[in-house]
Amino acid sequence: MATRSNLDRLYELAMKQRESAYAPYSSFAVGAALECLDGGVFCGCNVENTVFGLSICAERVAMFRAIASGMREFSALVVVASPLASPCGSCRQVLSEFFDDQVTIAAFEAGKPEHSTVWTMSELLPDPFRFGN
């Protein structure tokens, strides 16, 4: 589980990444910072499209960047939005592919780091889909 100082550092990185969000339709900018077990961090922001189904969330951008770089083990994910929001269902399913309950998942309100919620993977998605189940 991540420490508060570690989450604060990831919050700052996610806040910075949030500035790159492309959200012309919803105006709901989101940033994410994903920490790997080796200490590396991958960030992402949401990218909307006029065809909403083609949009992608900040959490999945960060995760896919990490996966494309060969990473498979993670320690923490921080998501920053205003208002505070938890990962969507699609993101929860993607995260469950790589996260166990040792990975800290935290959501912070942008500009108000005192407003946050922390989950384990089983709290966020108690019964994920598994191929063959």
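In this predicted model, F74, F98 and F99 come together as one aromatic cluster. A search of the whole structure finds four aromatic pairs, and two of them that involve other residues are a good place to start a tour.

In the pair formed by Y11 and F108, the ring centres lie 5.2 Å apart and the planes meet at 50°, so this pair is tilted. Y11 belongs to helix α1 (residues 4-18) and F108 to strand β4, which means that the contact links distant parts of the chain, 97 residues apart. Both Y11 and F108 are buried. For Y25 and F52, the ring centres are 5.8 Å apart and the planes stand at 90°, so the pair is edge-to-face. Here the partners come from loops: Y25 from the one between α1 and β1 (31-36), and F52 from the one between β2 (41-45) and α2, so the pair ties together parts that are 27 residues apart in sequence. Y25 has a relative accessibility of 42% and therefore counts as partly exposed, whereas F52, at 55%, counts as exposed.

Strand β4 (residues 104-109) also holds T104. With a relative accessible area of 2%, T104 is buried, since the cut-off for this class is under 20%. Leaving aside residues up to four places away in sequence, T104 touches M1, A2, L7, S75, A76, L77, V118 and W119.

Helix α3 (residues 89-96) offers a further view of buried residues, namely C91, L95 and S96. These three cover an arc of only 135° around the axis, which puts them on the same side of α3. A general feature of helices is helpful here: an α-helix has 3.6 residues a turn, so residues three or four places apart point the same way. The cover over the buried residues of α3 includes α2 (58-68), β3 (74-81) and α4 (121-124).

Attention can now turn to open space. The largest pocket has a volume of about 230 Å³. Its lining is made up of 17 residues, of which F28, V30, N46, C57 and E59 are the closest to the centre. The elements that contribute two or more residues to this lining are α2 and β3. In chemical terms, the lining of the largest pocket divides into eleven nonpolar, four polar and two charged residues. Helix α2 and strand β3 thus appear in two settings, being part of the cover over the buried residues of α3 and giving residues to the lining of the largest pocket.

Technical notes
Residues numbered from 1 in each chain as written. Predicted model: local features only at pLDDT ≥ 70, side-chain atom pairs only at ≥ 80, totals over all residues. Heavy atoms only, no water. Buried < 20%, exposed > 50% of the residue type's maximum accessible area, 1.4 Å probe, protein only. Helix = DSSP H or I, 4+ residues; strand = E, 2+ residues; numbered from the N terminus. Arc of directions from axis to C-beta. Contact = heavy atoms within 4.5 Å. 1 Å grid on protein atoms, 1.4 Å probe; cavity = no way out; pocket = protein on both sides within 12 Å on 5 of 7 lines; lining within 4 Å. Points joined across faces, edges and corners; volume = space filled by probe spheres on them. Nonpolar A, V, L, I, M, F, W, Y, C, P; charged D, E, K, R; others polar. Phe/Tyr/Trp six-rings, centres within 6.5 Å; stacked < 30°, edge-to-face > 60°.
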